[in-house]
Amino acid sequence: MPRPAEQIRFCTSRDGTRIAYSTSGVGPPLVWASNWVHHLKLDWDCPAWRPWIALLARRHTLVRYDWRGCGLSDREQIEFSFEKLVEDLEAVIEAASLGKLIALFGSTAGAAVSITYAVRHPERVSHLALCASYVRNKLAGSATPQEVAEAQARLKMLEVGWSTDTPAYGQFYSSLLIPDASAGQSQSLADLLRQTTSPATIVAMLRTVFRIDLREILPKIRCPTLVFHSRGDSIIPFEQGRSVAGLIPGARFVPLESRNNILLDTEPAWQQLVDAIEDFLPATPTGPGGSEALVHDELTAREREVLELVAQGLDNSTIGARLHISERTARNHVSAILAKLGINSRAQAIVRAREAGFGREKTR
């Protein structure tokens with residue numbers, strides 16, 4: 001597939017670390033906060049990542065970036081903390097000048113960063129998509145002895161074998177990420193891993209992300225959210241993704257029939273992911289404009305009041321109480337709104353409302 005035109009720039013995070021980021025594609029802004037297994041210049045040559053870049057840039061202006069200590073970002077004398085990872089995403093979004101509203105796509109530890117950004121900046125995020133996300137990582141909170149032992153074993157394996165040419169070491173992490181990959185796909189990812197960062201950096205980074213705990217903030221997300229997770233993921237267990245979706249109000253959960261942490265475009269679940277992403281993420285600009293005009297032209301003043309409360313995530317009973325109407329009347333208003341807007345679910349109504357600027361008052 002052709003490589004889209006891409007521009008690489010640098011911004012500075014709060015502590016002075018330079019973060020490399022790139023923009024490609026045309027359309028509404030979509031920021032991809034993935035994990036550390038990336039290199040802006042080399043990702044396109046990796047068969048595991050190439051389809052992802054092409055997919056996310058097909059209908060959007062895609063912004064992606066290298067984590068601190070990795071790829072083209074600063075690699076020397078780097079300090080790691082979860083707060084600094086969030087600050088890096090904030091710096092990228094600010095530097096890229098993306099306008100008032102953006103969509104966020106987060107993967108693994110990048111999902112945790114995206115969740116935190118969405119809670120801290122609800123006025124900026126129109127949609128949130130999460131892949132291989134978790135409520136808490138291996139060493140967070142009251143980790144079990146088995147979780148601690150497994151985490152320490154993985155860290156030691158990476159520390160010892162990261163830079164060697166021994167095939168078993170090189171294939172260890174790639175086999176965890178994509179166990180059902182072909183030999184060529186697995187080797188390509190293993191090669192990319194070694195060029196992404198150093199052994200000391202990866203150990204310091206993973207010690208940081210292994211302690212991430214999101215239990216308190218997940219229920220605070222207010223934007224439409226889509227959660228993907230592979231059933232056989234050996235990096236982030238499937239139950240973690242299911243729990244994430246359960247804690248986010250109104251989130252849609254999409255189980256993927258795969259064992260791969262990084263879904264490959266050669267497996268059947270890939271098309272399921274493509275369809276769900278393209279259905280969820282708007283391909284037309286958000287905010288003032290087409291969506292806003294359509295909503296305001298089609299709905300009565302009362303229906304717009306109801307839609308505002310729907311966009312805030314309230315149920316029919318609470319909406320009725322707020323507007324001093326019965327729950328049944330509130331339900332009838334919601335049904336009328338769905339019919340007028342040509343949609344068939346409350347989740348779609350929330351998406352349309354957020355695109356049109358509703359649902360902001362509660363979260364400011």
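**Loops, a helix pair and a pocket**

Me: In this predicted model, where is the place of Ser-97?
Reply: Ser-97 is in the loop between helix H2 (82-95) and strand E5 (102-107). Its phi is near 50 degrees, a positive value in a residue other than glycine.

Me: Why is Ser-97 called exposed?
Reply: The relative accessible area of Ser-97 is 62%, and exposed means over 50%, so Ser-97 counts as exposed.

Me: What makes Ala-132 buried?
Reply: Ala-132 has a relative accessible area of 4%. Buried means under 20%, so Ala-132 gets that label. It sits in the loop between strand E6 (125-131) and helix H4 (145-161), and has a positive phi of about 55 degrees although it is not a glycine.

Me: Why are H12 and H13 called roughly perpendicular?
Reply: Helix H12 (residues 316-323) and helix H13 (residues 327-341) pack at an angle of about 105 degrees. The range for roughly perpendicular is 65 to 115, so this pair fits it. Their axes are 8 Å apart.

Me: Which residues make that contact?
Reply: H12 brings Asn-316, Ser-317, Ile-319 and Gly-320, while H13 brings Glu-327, Ala-330, Arg-331 and Val-334. By class that's 3 nonpolar, 3 polar and 2 charged residues.

Me: How many residues line the largest pocket, and which element gives the most?
Reply: The lining has 26 residues, with Pro-224, Phe-280, Ala-347, Gln-348 and Val-351 nearest the pocket's centre. H14 gives the most, with 7 residues. The lining splits into 13 nonpolar, 6 polar and 7 charged residues, and the space in the pocket is about 460 Å³.

Terms used
Residues numbered from 1 in each chain as written. Predicted model: local features only at pLDDT ≥ 70, side-chain atom pairs only at ≥ 80, totals over all residues. Heavy atoms only, no water. 1 Å grid on protein atoms, 1.4 Å probe; cavity = no way out; pocket = protein on both sides within 12 Å on 5 of 7 lines; lining within 4 Å. Points joined across faces, edges and corners; volume = space filled by probe spheres on them. Helix = DSSP H or I, 4+ residues; strand = E, 2+ residues; numbered from the N terminus. Nonpolar A, V, L, I, M, F, W, Y, C, P; charged D, E, K, R; others polar. Axes fitted to C-alpha atoms, helices over the stretch in contact; angles between N-to-C directions. Parallel < 35°, antiparallel > 145°, perpendicular 65-115°, else oblique. Contact = heavy atoms within 4.5 Å. Buried < 20%, exposed > 50% of the residue type's maximum accessible area, 1.4 Å probe, protein only.
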